[in-house]
Amino acid sequence: MTPFPRSPAGSGRAAARRSAAAAIALAAALLALPGTPAMAQPQTLTMWSHWPDEASKRSFIEERVKQFEAATPQCKVNLQFVQKADLYTSVKTSVRTGQAPDIFWLEPDEIAFAKSGYLEPLDKYIDLANLEDWAKRAWTWNGKVYAMPQEAYSVELYYNRDLMKKIGVTPPAGMQMTQAQFTEMVKRSVAAGITPTATGVGDRPYPGAYFLQEILLRKLGTEDYEKLLTGKLPFQDPRVIEAMTWVKQLVDAGMFPRSMATMKLGESHYYFHTNPGALMFPIASWYTGRAFVAPEKGGQPKDFALGLMKYPAMDGSKCPECKTLAVGGSYVMYARSKNKECAGKMLSSLATVENGNKWMESVLLQTGVRTDPSRITSIYAPYFKELQERGAGARYFIGTPLHYMSGKCGDTFAQVLNRAFPGGLVSVNDAAAQMDAACKAAG
Amino acid sequence: MSDPSSGAAAALRRTLASWLSAPEADSRRASLPTVMLFLAPALLVYAALTAYPVLRTFYNSFFNVADLASSEFVGWTHYAEVFKDKTFWAAVRNTAIWSVIGPVLDVVAGLLLALCLYAGVPFSRFLRVAWFTPVLLSYVVVGIMWVWIYNYDWGVVNGLLRAVGLQAWSQAWLGDPRFALGSLIVTHAWKWAGFNMVVCLAALHSLPSEVLEAAELDNCGWWHKLTDVIVPMLWPTLLNLYILAFIGKMKVFDLVWIMTEGGPVWSTETVSTYVYKRAFNWNTFDLGYPSAIAVVWFFVVVGFVVFFNVLFRRRERMEY
């Protein structure tokens with residue numbers, strides 16, 4: 001086989017020219033060979049996730065990454081687990097300079113990343129039909145979806161069945177107390193020397209407000225509650241003041257631990273189930289991420305009598321069946337990623353019904369990915385059954401206050417409603433006035 | 001061809017030769033290229049890590065900076081906003097309280113510890129190490145440790161109060177706006193007292209023994225010896241320590257962030273924590289506004305440094 005036809009002239013000079021051309025062509029072909037198919041080049045993604053100390057979530061993600069790497073040999077994933085606060089600080093710095101990881105973890109209260117153009121829309125990378133509609137809405141900006149909503153949660157009221165018996169209280173059949181019943185329970189708990197609720201806000205801007213926000217949601221109903229969170233209804237509205245006044249009475253009765261201001265979220269778990277023990281724990285359903293691990297790793301004791309009840313309905317509540325459902329930890333793609341193809345494939349591999357089921361089964365937590373609950377089996381099935389029962393008939397409000405509030409308004413929420421109000425440091429009127437001033441100023 | 005010994009080429013050669021050869025006037029002085037060779041690394045590091053960030057912060061303060069590649073010029077808007085910002089003024093007030101009171105506590109504690117060692121208390125060698133150890137600890141360790149110490153339920157402070165029957169005095173030290181800032185100041189003083197102790201001890205050992213002996217011969221009591229002899233002679237050292245601590249506390253960040261994050265209700269917010277919050281914690285990517293706060297505070301700190309410098313020069317002129 002002759003790669004290049006001979007010249008009819010056959011002169012020495014022409015032969016030399018032909019040789020040179022052949023050499024150049026061969027060199028060009030050799031140079032081109034390794035780069036022919038672009039995706040044949042192995043790509044290494046960097047992926048940052050929260051949950052370094054939440055064993056079940058961490059294992060789930062590590063397993064999915066391993067499976068993805070096995071199924072997609074051209075893509076490698078450099079997976080790192082970082083605490084949420086550090087992760088946020090790092091990505092907020094690095095996105096501006098083009099140094100952010102290809103995939104990172106965010107919650108929908110950080111939709112500003114998408115608004116500022118730092119996130120890649122995922123519409124063309126993942127099958128959006130595999131995501132729950134409400135979860136897509138939480139991450140939609142300008143008609144595009146910007147995250148793979150791995151984690152979702154409802155705001156629950158956990159309690160210790162044994163302590164409940166000890167103070168002589170039996171929850172009602174529907175597991176939802178009235179205002180009077182709840183007040184009585186808190187007083188009995190305090191009288192028995194048991195802290196009514198374990199709450200710590202030392203490292204988080206929201207858990208101190210969980211109880212109040214759920215009461216406000218039930219009192220106002222979803223529409224007015226949304227208006228409240230978006231600054232269209234003032235906190236000085238009489239219904240809001242009424243709800244806050246009742247919560248303040250509970251605060252003054254000793255509902256929250258005195259060490260709440262400095263207790264970290266992880267410590268509040270331990271406070272609830274191990275030492276010193278609290279009657280209730282108002283927290284999102286991601287409680288299980290830390291609690292359902294071995295006690296020596298900070299999990300709840302094996303024989304812990306965990307119960308779930310509904311938040312109480314105030315007298316005159318507009319929507320006693322209302323409940324908060326929100327998207328939590330999600331994975332986003334950096335808009336300036338150089339490995340978008342692999343990053344898209346990685347996110348796509350997470351967004352399947354099969355993985356949704358695996359998440360619910362192993363983490364025992366809701367997800368924004370569609371699931372088929374009939375296939376779910378687990379040793380914690382009784383807990384999951386109870387969680388479903390508490391949600392039966394619920395009318396869901398999507399998103400938590402910090403998903404709606406930002407800037408000065410969000411900061412005031414964190415300082416006042418999350419910390420000072422449940423800490424008994426500010427009056428009802430002062431708290432409401434501060435919220436109105438900040439949220440009105442923030443627009 | 002032109003004569004190589006004349007014209008511009010020759011002038012250039014002569015200049016280079018003069019640079020490269022040792023100066024004739026003083027053979028001990030290095031030539032400019034040699035000086036530059038040794039200075040360049042330090043200058044580059046200084047320019048990249050100090051000068052450029054400072055200048056960039058000034059520049060950014062006139063823009064809305066969501067992305068370094070695209071910014072919107074807003075002129076003096078951020079500066080006008082800073083002076084109307086209530087949280088900024090709360091942070092200024094807290095920082096001012098900390099900067100004025102904190103150093104007094106640091107210096108007095110350091111002086112007292114140094115006097116104990118100078119007087120030769122038992123186990124002084126051990127105490128010297130023990131009291132200096134907090135200086136070596138990082139703010140993270142100190143912060144976490146003192147959060148535990150102040151804990152309402154199991155903290156040492158409340159434990160001691162309960163043990164001596166003062167249960168009513170037990171507090172959520174970091175959870176109450178009335179006590180939170182004071183609690184942080186105490187923690188900071190605990191960390192730095194050892195450093196001040198070492199400096200005061202060195203100064204005490206350098207005091208002229210004749211003066212102290214003369215005071216003893218005059219039957220001067222220990223209190224008068226301290227207030228009328230020792231402290232006046234240590235005054236320049238104490239003042240230096242105070243000013244160093246003052247400047248440091250104008251920028252205090254680490255301990256506050258670890259222990260309270262500026263809460264509760266902004267009672268421990270400092271200018272530094274507020275800048276950090278605005279830059280990285282709020283759901284906004286604007287670096288312009290926090291840059292404006294940083295610039296304002298930069299000039300405040302520089303103003304105090306200049307003020308203290310002038311004050312010191314006057315004192316020196318008066319003394320000598």
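## Salt bridges and the A–B interface

A:Glu62 is partly exposed, at a relative accessible area of 31% (under 20% is buried, over 50% exposed, partly exposed in between; 1.4 Å probe, protein chains only). This is a predicted model, where local features need pLDDT of at least 70 and side-chain atom pairs pLDDT 80 or more, while totals for chains, interfaces and linings use all residues. Residues count from 1 along each chain as written, chains are lettered from A in written order, and side-chain values use heavy atoms, without hydrogens and water.

The partner of A:Glu62 is A:Arg58, and their side chains meet in a salt bridge (a Lys or Arg side-chain nitrogen within 4 Å of an Asp or Glu carboxyl oxygen). A:Arg58 is partly exposed too, at 29%. Both sit in helix 2 of chain A, residues 55-71, four residues apart, or about one turn of the helix (helices, H or I of at least four residues, and strands, E of at least two, are DSSP runs numbered from the N terminus).

Here is that pair with two from chain B.

| Salt bridge | N to O distance |
|---|---|
| A:Glu62 – A:Arg58 | 3.2 Å |
| B:Arg178 – B:Asp176 | 2.7 Å |
| B:Arg278 – B:Asp85 | 3.8 Å |

B:Arg278 belongs to helix 12 (residues 271-281) of chain B and B:Asp85 to the loop between helix 3 (77-82) and helix 4 (86-118), so this salt bridge ties together parts 193 residues apart in sequence. Both B:Arg278 and B:Asp85 are buried. The B:Arg178 pair is mixed: B:Arg178 is exposed at 64% relative accessibility, whereas B:Asp176 is buried at 10%.

Over all chains the salt bridges add up to 30. Some join into a network, which links A:Asp53, A:Glu54, A:Lys57, A:Glu151 and A:Arg290.

Now for the interface. Chains B and A bury about 2,900 Å² between them, with carbon and sulfur atoms giving 54% of that (accessible area lost on being put together, 1.4 Å probe, summed over both parts). On the chain B side, B:Trp266, B:Asn283 and B:Phe285 lose the most area to chain A, together 26% of what that side buries.

How many salt bridges are there between chain B and chain A? The count is zero. On the side of chain B that touches chain A, strand 1 (63-67), helix 6 (139-149) and helix 12 each supply at least two residues. Helix 12 of chain B gives the largest share of that side, five residues.

Technical notes
Buried area = accessible area lost by both parts, 1.4 Å probe.
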